[in-house]
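Colleague: I would like to learn how to read a model like this one, going from the whole chain down to a single residue. Could we take it feature by feature?

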Amino acid sequence: MTAFLSRLSHITFHVPTGTGLVSDLVDKFRFHLFAERVTARARQLALRKGAAVFLVNESDGEFLYDISPLHPVSTASNVCFEVQDVPTVSQSLQEWGCPLAIPPTDVTDSGGSVTYCVVRSVVGNISHTLLDCSRYRGAFLPGFRAMGDVPEGLRDPAEATHFDHITYACSRGSTQAVLDWYQHCFGFQRFIMNRQGDVAEGYRIHGHGMGLRLTAMRYRKGSEPRLVDDCKFVLAESLPEPGKNQVDAFLEQHGGAGIQHVGLYTTDIVSTARALAQAGVRFVEPPQAYYSEAGKAEEIRAAGQDPWLLSHHGILLDAERYLMQIFTKPIFPEETFFLELIKRRGAAGFGEGNIRALWRSVQRQKGQVQEAGCKEPPKTAQGTGELCCCQWLDLGRP
Ligand SMILES: O=C(O)C(=O)Cc1ccc(O)cc1
């Protein structure tokens with residue numbers, strides 16, 4: 001029997017003490033710190049934005065609800081799901097040859113009790129904590145102390161409602177094995193991101209120095225596919241092409257496959273991007289050529305959006321039934337994990353059109369620079385002179 005998941009609970013980071021991740025999440029990304037567990041050997045802090053919850057584990061001490069990954073760099077390494085019956089799920093996983101890193105374990109405090117286990121996935125350092133919280137009424141999990149209420153009522157201009165998707169950077173040639181594992185263990189199902197996608201091959205963006213294969217999957221609750229607003233998973237694999245792209249950079253600097261980015265859903269991407277930028281979040285700046293590509297302004301207007309506003313904030317619009325997205329710069333010193341804001345209007349994909357459009361705009365902008373004999377890097381949307389979209393995907397970097 002497949003181990004069906006009830007819902008995504010939270011995503012866990014492991015960082016050395018004093019990295020500043022918690023203060024960045026609070027001060028810049030406007031998450032609310034709502035629960036903590038502090039012992040002599042570990043500090044675990046839970047932060048929330050809408051239904052999106054991050055758990056930050058600091059130092060490599062004894063954590064509850066996860067293994068100590070002893071990873072050389074800061075990492076997001078655990079996607080935690082709620083399940084109904086941990087002992088049955090863990091037995092099935094073991095029968096399929098998935099060894100448990102932590103067997104079913106009960107933790108109790110005055111709010112009730114929780115049973116959990118941890119299974120290592122087949123992707124890099126990613127593991128999954130499986131939790132049964134049905135007997136728990138506390139703020140987060142047993143062992144955590146509540147830290148004040150999340151403000152309600154007033155609308156937060158930096159709002160985000162939930163995790164839209166989680167993207168894994170996968171090693172070359174591993175996509176099929178990853179899909180098979182998630183399908184077999186948790187009943188994940190592949191889905192086609194857009195009309196050009198292919199069941200066997202996923203969506204390939206290939207040629208002229210750009211090589212990326214994107215495949216999407218989502219989990220099922222019981223026998224039903226989850227609703228569209230539930231968290232989806234993207235497998236990003238780099239294809240052999242000259243030059244290094246963002247997935248290659250992740251694999252190298254992270255020390256193997258792992259969680260590359262998380263998409264936070266927002267209903268008002270312009271307000272959220274503006275509020276986060278004002279709070280100090282650094283976003284990737286697409287080249288101006290992205291917005292001046294033939295037909296782009298019309299496409300943006302046809303979607304009811306303002307081309308100037310989108311270009312001012314660096315928001316991308318993929319017009320295939322459309323979605324808007326904006327990427328932050330990596331949040332750790334390495335070129336590894338970053339966040340994305342995303343707003344969908346009917347589109348189920350992940351901005352594949354944007355990746356192509358960005359690539360074309362980089363090529364055009366490079367062409368203009370060469371024609372003008374210009375040695376300076378071309379200006380970006382916000383005029384800083386940094387060609388940040390190259391940094392984003394390393395699209396066509398010379
Ligand atoms: O657009 C998204 O959110 C994706 O998940 C697609 C994607 C995958 C890998 C990248 O390095 C950049 C973008």
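**Reading the chain, its domains and one strand**

Modeller: The protein chain has 10 helices and 20 strands. Bear in mind that this is a predicted model.

Colleague: What share of the 398 residues in the protein chain is buried?

Modeller: Buried residues account for 58% of them. The accessible surface of the chain is about 16,600 Å², and carbon and sulfur atoms hold 51% of that.

Colleague: And how do the contacts spread along the sequence?

Modeller: Take the contacts in the chain between residues at least 6 apart in sequence: 70% of these join residues at least 24 apart.

Colleague: Which domains does the domain assignment give?

Modeller: It gives domain 1, residues 5-146, and domain 2, residues 160-363. Their C-alpha centres lie 25 Å apart.

Colleague: How should I read the interface of the two?

Modeller: The size of an interface is often given as the accessible area lost when the parts come together. Here the area buried between domain 1 and domain 2 is about 3,300 Å². Carbon and sulfur atoms give 75% of that buried area. In terms of residues, 41 from domain 1 are in contact with 39 from domain 2.

Colleague: How many salt bridges does the rule find across the interface of domain 1 and domain 2?

Modeller: Zero.

Colleague: Next, the sheets. What is the order of the strands in the open sheet of nine?

Modeller: The order is S6-S7-S8-S5-S1-S4-S3-S2-S9, and the pairing is mixed. Strands S6 (100-109) and S9 (145-146) are the edges, as each of them pairs on one side only.

Colleague: Can you show me one pair inside that order?

Modeller: Take S3, residues 43-49, and S4, residues 52-58: they pair in the antiparallel sense over seven bridges. To find the register, look for residues that stand opposite each other; Leu47 stands opposite Phe54 in S4.

Colleague: Now to strand S13. Which strands are joined to S13 by bridges?

Modeller: Among them are S11, S12 and S16. Strand S11 (residues 189-191) runs antiparallel to S13, with three bridges joining the two. Strand S12 (residues 203-207) is also antiparallel to S13, and there the number of bridges is five. With S16 (residues 232-238), S13 pairs in the antiparallel sense over seven bridges.

Colleague: Where do I find the register in these pairs?

Modeller: Start from Ala216 in S13: Phe191 stands opposite Ala216, and Ala216 stands opposite Val234 in S16. For the pairing with S12, use Gly207, which stands opposite Met210 in S13.

Colleague: Is S13, residues 210-218, mostly covered or mostly open?

Modeller: Mostly covered: eight of its nine residues are buried.

Colleague: Let us finish with a single residue, Leu214 of strand S13. Why does Leu214 count as buried?

Modeller: The cut-off for buried is under 20% relative accessible area. Leu214 has a relative accessible area of 6%, so Leu214 is buried.

Colleague: Which residues is Leu214 in contact with, leaving aside neighbours within four places in sequence?

Modeller: They are Met193, Gly202, Tyr203, Ile205, Val234, Leu235, Ala236, Glu352 and Ile355. Tyr203 and Ile205 can be looked up in S12 (residues 203-207), and Val234, Leu235 and Ala236 in S16 (residues 232-238).

Colleague: How far is Leu214 from Glu201 in space and in sequence?

Modeller: From C-alpha to C-alpha, Leu214 and Glu201 are 8.7 Å apart in space, and they are 13 residues apart in sequence.

Notes. Residues numbered from 1 in each chain as written. Predicted model: local features only at pLDDT ≥ 70, side-chain atom pairs only at ≥ 80, totals over all residues. Heavy atoms only, no water. Buried < 20%, exposed > 50% of the residue type's maximum accessible area, 1.4 Å probe, protein only. Helix = DSSP H or I, 4+ residues; strand = E, 2+ residues; numbered from the N terminus. Pairing = 2+ DSSP bridges. Contact = heavy atoms within 4.5 Å. Areas by Shrake-Rupley, 256 points an atom, 1.4 Å probe, with all protein chains shown as cover. Domains from an automatic or database assignment. Buried area = accessible area lost by both parts, 1.4 Å probe. Salt bridge = Lys/Arg side-chain N within 4 Å of Asp/Glu carboxyl O.
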